[in-house]
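Here are some friendly notes to read alongside the structure. Keep the 3D view open and look up each residue as its name comes along.

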Amino acid sequence: MTADLASTPSRRHDLDWVRVGAFLLLILYHVGMFYVPWGWHVKSSHQVDGLIPAMLLTNPWRLTLLFLVSGAATRFLFDGLERQGAGAGRLAGSRLLRLLPPLIFAMFVIVPPQSYYEIVEALRGYFPGADPYHNAHTADFWIRYATASGNWCDGDGCLITPTWNHMWFVAYLLVYSLLLAGLLATTRGALKRLGGILEKALSGWGLLIWPILFLAAIRWLLAPMFPVTHALTDDWYNHALSFSAFLFGFLIARSETLKQGFIRIRLPALILGLIGWIGWTAYVLSFPEASATVPTDALRRIMRLVYAIQQWSFIAAILGYGARYLTRGGPLLRYLTIGVFPFYIAHQTIIVVAGHHLAKLGLPLIAEAGLIIGITVLGCWLTYEIARRIGWFGLVLGIRPARAPETER
């Protein structure tokens, strides 16, 4: 590796801030899903078409950015383990301990209310005389949910349980981490040296151009054949996108050269991203899902490039502005860096449950949305505060015991 990689500090506050911001943005995005005219677990009676452009502003890049910064965090973890004399095996064990307990717990405790209320709204009358998630109906539903014995189908398809819903990100991150550990164990340092090759390939404007072309290529080649499913086994476009971002973050996390490169291109990247967003939004609004009018194949191919332009340009701009301005740590960042994982675990269930019940009250839109956001923030904060006080049991909510090494993010 080049000298500037070796001299990079043991953590980067800018990437910590970006990771925190990306998770919090994802929570707001899921609040928005309650209101836009797209399918989701539960829906408000207030349909807000005006939210669509705001949702499309982040839709192409928010999760790709999360996988990228997760890969960077994994790099700092692995380097810390190497300094302790450990290696890829310890990395795999650390990721299993960190990610598998909350994934299993969420699938069987946190996520079931989401499925319940989705069924209540999609299949009204399925639970005769019962709407609230309680009493005998709770046990009956949970048993059918956990044993995959529920027949929950309508004209749009069937809900298969148990499911991980929003926790698909954690499942994929676990799989990618184990794959990375295997690559590190078998390549004997060659994988890490690939970062130096990336530095040279992405010099100058290549940092903006080559990733866009890569993202456009996989969208052209894979997206039409493999729509995003979050089902792991058949999600090949999503894997090509997300694992590439995760691996990229791992390889470049310590590169001062690329950090400075992102800083230099941050304004052009932001402008290009905004242009891409305008083009992509116009396209989506021109061909809504319910419309009988469909775009031509040529237009689809062009818009896949526009999508990739928006996707990478915003990521590059965020990394550039973050590296330039988000350079300080402090108590708030330490608190949020640990807290965003339990926030993520709990947030969607809180939104779904609160949204379902608030929708019945007939509140004005501003009051309803304000209450959902407030309840979600409060519920996430309580989840975090409980998790950090229950020792090893906090693992199921994404919190390691306090005595765990600081290198294990």
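1. **A word to learn before we begin.** A residue is called buried when its relative accessible area is under 20%, exposed when the value is over 50%, and partly exposed in between. Please also keep in mind that this is a predicted model. Take Phe393 as a trial case: its relative accessible area is 65%, so by the over 50% cut-off Phe393 is exposed.

2. **Where Phe393 sits.** Phe393 belongs to the segment after helix 15, and that helix covers residues 365-387. On the surface, Phe393 helps to make a nonpolar patch of about 610 Å². Its partners in the patch are Leu378, Trp381, Leu382, Ile386 and Ile390. Cys380 has a number in this stretch too, but Cys380 is buried, with a relative accessible area of 2%.

3. **The chain as a whole.** Stepping back, you can find 15 helices and two strands in the chain. What radius of gyration does the chain have, and what would a compact globule with 409 residues have? The chain has 22 Å, and the compact globule would be near 22 Å, so the two agree. Along the principal axes, the C-alpha atoms fill a box of roughly 70 × 55 × 40 Å.

4. **Inside and outside.** Buried residues account for 51% of the 409 residues. The chain exposes about 18500 Å², and carbon and sulfur atoms supply 68% of that area. Contacts also tell you how the chain folds back on itself: among those between residues at least 6 apart in sequence, 76% join residues at least 24 apart.

5. **A salt bridge across the sequence.** Side chains of opposite charge can pair when their charged atoms come close. In this model the count of salt bridges comes to eight. One of them joins Arg254 to Asp79, with the closest N and O atoms 2.3 Å apart. Arg254 lies in the loop between helix 11 (236-252) and helix 12 (256-286), while Asp79 lies in helix 4 (residues 62-83), so the pair ties together parts that are 175 residues apart in sequence. Are the two partners buried or exposed? Arg254 is buried at 7% relative accessibility, and Asp79 is buried at 8%.

6. **Another long-range pair.** Lys192 and Glu82 also meet in a salt bridge, at 2.8 Å from N to O. This pair links distant parts of the chain, with Lys192 in helix 9 (residues 190-201) and Glu82 in helix 4, 110 residues apart. Lys192 is buried, with a relative accessible area of 15%, whereas Glu82 is partly exposed at 38%.

7. **A third pair, and a network.** Glu385 forms a salt bridge with Arg389, and their closest N and O atoms are 2.4 Å apart. Glu385 is buried at 10% relative accessibility, but Arg389 is exposed at 59%. Which residues are joined into one network by salt bridges that share partners? They are Arg75, Asp79, Glu82, Lys192 and Arg254.

8. **The disulfide.** A disulfide is a covalent bond between the sulfur atoms of two cysteines. The structure holds one disulfide, which joins Cys153 to Cys158 with an S to S distance of 1.9 Å. The link is right-handed, with 105 degrees about the S-S bond. Cys153 is partly exposed at 29% relative accessibility, and Cys158 is partly exposed at 47%.

9. **Backbone spots worth a look.** Most residues other than glycine have a negative phi, and most peptide bonds are trans. The peptide bond from Thr161 to Pro162 is cis, with omega near -5 degrees. Pro162 is in the loop between strand 2 and helix 8. Asn165 is found in the loop between strand 2 (157-159) and helix 8 (168-187), and has a positive phi, near 40 degrees. Asn165 is buried, with a relative accessible area of 14%. Leaving aside residues up to four places away in sequence, Asn165 touches His41, Val111, Gln114, Ser115 and Gln348.

10. **One more positive phi.** His230 has a phi near 60 degrees. You can find His230 in the loop between helix 10 (206-221) and helix 11. With a relative accessible area of 27%, His230 is partly exposed.

Terms used: Residues numbered from 1 in each chain as written. Predicted model: local features only at pLDDT ≥ 70, side-chain atom pairs only at ≥ 80, totals over all residues. Heavy atoms only, no water. Patch = residues over 30% accessible without salt bridge, like charges linked within 9 Å, V, L, I, M, F, W, Y side chains within 5 Å. Areas by Shrake-Rupley, 256 points an atom, 1.4 Å probe, with all protein chains shown as cover. Salt bridge = Lys/Arg side-chain N within 4 Å of Asp/Glu carboxyl O. Helix = DSSP H or I, 4+ residues; strand = E, 2+ residues; numbered from the N terminus. Buried < 20%, exposed > 50% of the residue type's maximum accessible area, 1.4 Å probe, protein only. Rg over C-alpha atoms; globule rule 2.2 N^0.38 Å. Contact = heavy atoms within 4.5 Å. Disulfide = S-S within 2.5 Å.
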